[in-house]
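Got your viewer open? Let's take a walk through this model, one selection at a time.

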Amino acid sequence: MNTTETARFIAELRSRILNGSLPAGTRLDAERELALSYGLSRTTIRAGLASLASEGMIERKIGRNGGSFVTALREDAVTTSLQLVIGTGGIGERDLMETRLAIEPQCAELAADRMSASEIEALSAIQSEMTAAIQPVGNPTDRSAFLRANARFHLHIAMGSHNQALSAILKGLIGSIETLTDDPHLVGPSQLRELVRAHELIFSAIKNRDSFRAGDVMCKHLLAHIRLSAER
């Protein structure tokens with residue numbers, strides 16, 4: 001089995017599912033027909049279908065009316081697909097930051113309206129973790145803990161929007177968000193303190209149920225990060 005050919009088949013079929021040309025419920029051709037269409041071996045096709053099934057993009061049924069069927073995309077399938085695309089270098093840093101700017105202020109606005117008291121309490125705890133990670137001031141004691149908490153802060157707000165589409169997208173981006181922040185030459189002690197202060201403003205707006213301010217301060221926070229990234 002050629003792993004390169006398998007990856008190509010998976011990528012092409014995944015793209016057709018995501019762009020809607022293979023809508024939910026579509027029955028895919030049998031392995032033999034797919035092998036002829038793509039010029040690949042049945043072993044390669046079988047491996048590709050198994051991979052797509054593990055991602056939740058297709059469902060394989062056995063029996064008289066069996067076959068491979070496109071499934072309705074679930075939140076975890078969207079997340080997995082984004083992680084795969086980003087992980088293979090399919091999305092650049094600028095595109096990633098622009099995507100965050102497009103969706104995270106909206107997440108913050110919705111979170112201010114929809115977060116439960118327990119969710120706000122959990123967000124406060126994450127903020128406290130970030131603050132504790134940069135003690136004493138200017139000398140981070142645990143940078144990795146800070147970065148993990150920073151990513152969780154943004155993800156918790158997205159989940160607090162109670163919008164499955166938005167939270168699925170941010171889950172797919174979260175690994176790259178953490179990686180982009182982990183640049184000691186770009187994000188030093190003073191920048192880490194600025195991140196904490198920015199998060200305090202975001203948290204305060206959400207806690208006070210001020211949706212407009214929550215979206216506004218999130219937008220300003222992300223714009224500051226974009227400007228910082230431009231200095232690379």
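## The whole chain

The chain holds 10 helices and 2 strands, where helices (H or I, at least four residues) and strands (E, at least two) are DSSP runs, numbered from the N terminus. Before you trust any detail, know that this is a predicted model: local features need pLDDT of at least 70, side-chain atom pairs count only at pLDDT 80 or more, and totals for chains, interfaces and linings use all residues. Residues are numbered from 1 along each chain as its sequence is written, and side-chain values use heavy atoms, with hydrogens and water left out.

Colour by secondary structure and read from the N terminus: the order is α-α-α-β-β-α-α-α-α-α-α-α. Now switch on the surface. About 11,800 Å² of the chain is exposed, and carbon and sulfur atoms supply 52% of that (areas come from the Shrake-Rupley method with a 1.4 Å probe; for residues, only the protein chains shown count as cover). Of the 232 residues, 42% count as buried. Buried means under 20% relative accessible area, exposed means over 50%, and partly exposed is in between (1.4 Å probe, protein chains only).

## Stop one: helix α2

Select residues 31-38, which make up α2, and then 42-54 for α3. How do the two axes cross? They come within 9 Å and cross at roughly 110° (axes are lines fitted to C-alpha atoms, for helices over the stretch in contact, and angles run from 0 to 180 degrees between N-to-C directions). That makes α2 roughly perpendicular to α3, a label for angles of 65 to 115 degrees; under 35 counts as roughly parallel, over 145 as roughly antiparallel and the rest as oblique.

Show side chains here. On α2, Glu31, Arg32, Leu34 and Ala35 make the contact; on α3, Arg42, Ile45, Arg46 and Leu49 do. Contact means heavy atoms within 4.5 Å. These residues split into 4 nonpolar, 4 charged and no polar (nonpolar: Ala, Val, Leu, Ile, Met, Phe, Trp, Tyr, Cys and Pro; charged: Asp, Glu, Lys and Arg; polar: the others, Gly among them).

Next, which residues of α2 are buried? Pick Glu31, Leu34, Ala35 and Tyr38. They sit on the same side of α2, because they cover an arc of only 100° around the axis, the arc being that of the directions from the helix axis to the C-beta atoms. Here's a handy rule: an α-helix has 3.6 residues a turn, so residues three or four places apart point the same way. To see what covers the buried residues of α2, select α1 (3-18), α3 and β1 (58-61), which are included in that cover.

Spin round to the face turned away from the buried side, and you'll meet exposed Arg32, Leu36 and Ser37. Just after α2 comes glycine 39, with a positive phi near 65°.

## Stop two: two loops

Jump to histidine 162, in the loop between α7 (143-160) and α8 (164-181). Its phi is positive too, near 55°, in a residue other than glycine. With 46% relative accessibility, histidine 162 is partly exposed.

Now pick arginine 209, in the loop between α9 (189-207) and α10 (211-229). Arginine 209 has a positive phi near 60°, and its relative accessible area of 38% makes it partly exposed.

## Last stop: arginine 213

Select arginine 213 in helix α10. Leaving aside neighbours within four places in sequence, arginine 213 is in contact with Leu201 and Ala205. Finally, draw a C-alpha to C-alpha distance to alanine 112: the two are 9.2 Å apart in space, yet 101 residues apart in sequence.
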